[in-house]
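Subject: Structure handover and notes

Dear colleague,

I am passing on the structure we spoke about, followed by notes on what was found in it. Please read the notes with the structure open beside them.

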Amino acid sequence: MAALRYLPLTRGFRARYGYSNLLYGAAGEIVARTSGKSWSEYVRARFLEPLGMRDALAAASEAGTITAWPHARITEEIRGAGPVVPLPRRYRVDGDGAAGALYASGSDMAKWMSVQLASGRLPDGRQLFSAGVAQDMHALQTPLRIRPSDGEFRAADPSFSGYGFGWFVRDYHGTKLVYHGGGTLGAVAQLTLVPQKNIGFIILTNSEESGFLRAAELLLLDHYLGRESPDWVGLQQAEDARMWRDARNEMKAAAAKLPHGPASLLRGLRAAARSAGALFIDDVVSALRREGDAWLVGLGRGEGISCSHVVNATGARAADVAQMAGVALPVRGQKRSVFVVDAPDADPAWPLVIDPDGFYFRPEGKTFLVGAPAPRGYHAADDFEPDYPVFEDWLWPKLAARAPAFERLKLQSAWAGHYEMNILDGNAVIGASGVPNFWLINGFSGHGLQHAPAAGRGLAELMLDGGYRTIDLRPLGFDRLRQAIDAPEAHII
Ligand SMILES: Cc1cc2nc3c(=O)[nH]c(=O)nc-3n(C[C@H](O)[C@H](O)[C@H](O)COP(=O)(O)OP(=O)(O)OC[C@H]3O[C@@H](n4cnc5c(N)ncnc54)[C@H](O)[C@@H]3O)c2cc1C
């Protein structure tokens, strides 16, 4: 929530439609501040109890009693294609959130729909909210563009569409509908009111079949409005199959054009994190302070972020950031140069070769990447000048002695970066740091790119589930560093 201020405004207030769970979360925060109660206490007292919604839970912490398990199609590269399988874990809204945090049964939702259809009047005649508020909620406040549907679904397209206050509004063959979908990972739902007919229905699923929701809604609308219905479910299945076939083909075509290499892997991981809700703030962490149970992360340019957990993933500078949290981390930056050479006599089919003297070479397309062993000592993390004298005086002669094809070579380019060396045993340090909610994922010592997906997954499991599930990273815990001198990593190139 504290990071919301970093999101740039892209349009004026209600100038156009835009949906954000974060802003529902912010609205919940305003409810809490103005009512003096937590959001869940307020919702329980103000809505659930007067309505007699006895099963409903307004706090994720109570959700352990729910037995419906979430499902999704997650076994293929694209989420949504492939078979429906149970999700490995239940998604939970942390804390007391106003977005996606309410759990209600079908019978409780029927009570909610009844009060909506009765313009706020409860069965005992009291008003839960005024008729004027009900009218405003169900009135079109922000128009939405109507995108023509494909095939037979076009017959179901509305003639008007928009957002009210927390409700969508549109028509179905001239009858006004007030509706909203909802979803968390592995569960989607659709609630539709037909105020003119005093009808409401909700479709609750423990899966991510949003196509099915659309078909089921149309089927029920036709039924209640007395219309003849095509086979909406069958039509939807055919449309889904077509969509996934096209998506797979597009993905294959796009993948064939993608450059392969570390930068594209990182771009892919970053895009996936973003689409899963991660917010990237380009700033420098300059201080860490405990404030009660929270961390206050001081930023160089911005105002700082308050958060419950901090993960230190700062590569060669990890020791500096750990120091801010009071953790002494044996990680130092070590400058390593990479030279790109054109060697016309060498064979681009050669594998990666690591010489016992510590230098290496490997083909990359038509050129070769070559590098010298680790220099002595550690470096300031802002020295990025390639070590040209080492190439001329040491590396080239060594390369030529190992493979005479390197006698004739041309240095094309060079660059330097920093290995984030764990100076005790040359291996990663992953997991708890000993300081509450300050986590480590550091010290990869020059082989971190290949470890990144597994290391990130492992740490996520440890933080979310309290233990490793798919890969046991306990041997890389911080505790083992005491034994490090006895078992150092011997294969750093
Ligand atoms: C020359 C060279 C060749 C390599 N070759 C390979 C290879 O072939 N295979 C392989 O697997 N690995 C290789 N590596 C190693 C790999 O690049 C690293 O292990 C990996 O990048 C470490 O990932 P990381 O996320 O821990 O740190 P980094 O990728 O270094 O990311 C740390 C991030 O934290 C940021 N940061 C630092 N301090 C702060 C702060 N105070 N506030 C905010 N942000 C901060 C940095 O700007 C950086 O963006 C190579 C490294 C070098 C230098």
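Y163 is a buried residue, with a relative accessible area of 9%, and it makes a convenient place to begin. Please keep in mind throughout that this is a predicted model.

**Aromatic pairs**

Y163 belongs to one of the 19 aromatic pairs that the structure holds. Its partner is Y19, and because the two ring planes stand at 90°, with the centres 6.4 Å apart, the pair is edge-to-face. The two tyrosines come from distant parts of the chain, 144 residues apart, with Y19 in the segment before α1 (21-35) and Y163 in strand β4 (residues 161-163). Whereas Y163 is buried at 9%, Y19 counts as partly exposed, at 41% relative accessibility. Both residues also take part in one aromatic cluster, which is formed by Y17, Y19, Y24, Y163, F168 and Y179.

An edge-to-face pair is also formed by F359 and W394, whose rings are 6.0 Å apart from centre to centre, with 85° between the planes. Here too distant parts of the chain are linked, since F359 lies in the loop between β14 (353-354) and β15 (360-364), while W394 lies in helix α9 (residues 388-402), 35 residues apart. F359 counts as buried, at 1% relative accessibility, whereas W394 is partly exposed, with a relative accessible area of 30%.

Two arginines should be mentioned alongside the rings. The charged end of R214 sits over the ring of F153, at 3.7 Å from its centre, and R336 lies over the face of Y419, at 4.4 Å from the ring centre.

**Domains**

The chain is divided into three parts, namely domain 1 (65-93 + 105-244), domain 2 (262-330 + 425-486) and domain 3 (331-422). Between domain 1 and domain 3, the C-alpha centres lie 60 Å apart.

**The ligand and its surroundings**

There are 21 residues around the ligand, and those that come nearest are V285, E420, G448, L449 and Q450. Which element gives the largest share of the shell around the ligand? That element is β17, from which 5 residues come. At least two residues of the shell are supplied by each of β13 (331-342), β17 (410-422) and α10 (448-465).

As to individual contacts, an oxygen atom of the ligand is 2.4 Å from an N or O atom in the side chain of E420, a residue that is also among those coming nearest to the ligand. The backbone is involved as well: a polar backbone atom of G446 is 3.3 Å from a nitrogen atom of the ligand, and a polar backbone atom of H447 is 3.2 Å from an oxygen atom of the ligand. On its own the ligand has 990 Å² of accessible area, and the protein covers 63% of it.

**A buried lysine in β13**

K335 is found in strand β13, and at 10% relative accessibility this lysine counts as buried. Its side chain is joined to that of D383 by a polar contact of 3.3 Å, and a polar atom of the K335 side chain lies 2.7 Å from the backbone oxygen of E385.

**Backbone points to check**

Two residues other than glycine deserve a look for their backbone angles, as each has a positive phi value: phi of S119 is near 50°, and phi of H173 is near 50°. S119 has its place in the loop between α3 (106-117) and α4 (131-138), and it is partly exposed, with a relative accessible area of 32%. H173 is found in the loop between β5 (168-172) and β6 (175-184), and it is likewise partly exposed, with a relative accessible area of 39%.

S119 also has a spatial relation to A134: the two are 15 residues apart in sequence and 5.2 Å apart in space, C-alpha to C-alpha. A134 lies in helix α4 and is buried, with a relative accessible area of 3%, whereas S119 is partly exposed at 32%.

With kind regards

Conventions
Residues are numbered from 1 along each chain as its sequence is written. This is a predicted model: local features need pLDDT of at least 70, side-chain atom pairs count only at pLDDT 80 or more; totals for chains, interfaces and linings use all residues. Side-chain values use heavy atoms; hydrogens and water are left out. Rings of Phe, Tyr and Trp (its six-membered ring) pair if their centres lie within 6.5 Å; planes under 30 degrees apart count as stacked, over 60 as edge-to-face and the rest as tilted. Helices (H or I, at least four residues) and strands (E, at least two) are DSSP runs, numbered from the N terminus. Buried means under 20% relative accessible area, exposed over 50%, partly exposed in between (1.4 Å probe, protein chains only). A charge sits over a ring if NZ of Lys or CZ of Arg is within 6 Å of the ring centre and within 35 degrees of the ring normal. Domain bounds come from an automatic or database domain assignment. A residue is near a molecule or strand if one of its heavy atoms lies within 4 Å of it. A polar contact is a pair of N or O atoms within 3.5 Å; within protein, one must be able to donate a hydrogen and the other to accept it, and residues adjacent in sequence count only if both atoms are side-chain atoms. Accessible areas come from the Shrake-Rupley method with a 1.4 Å probe; for residues, only the protein chains shown count as cover.
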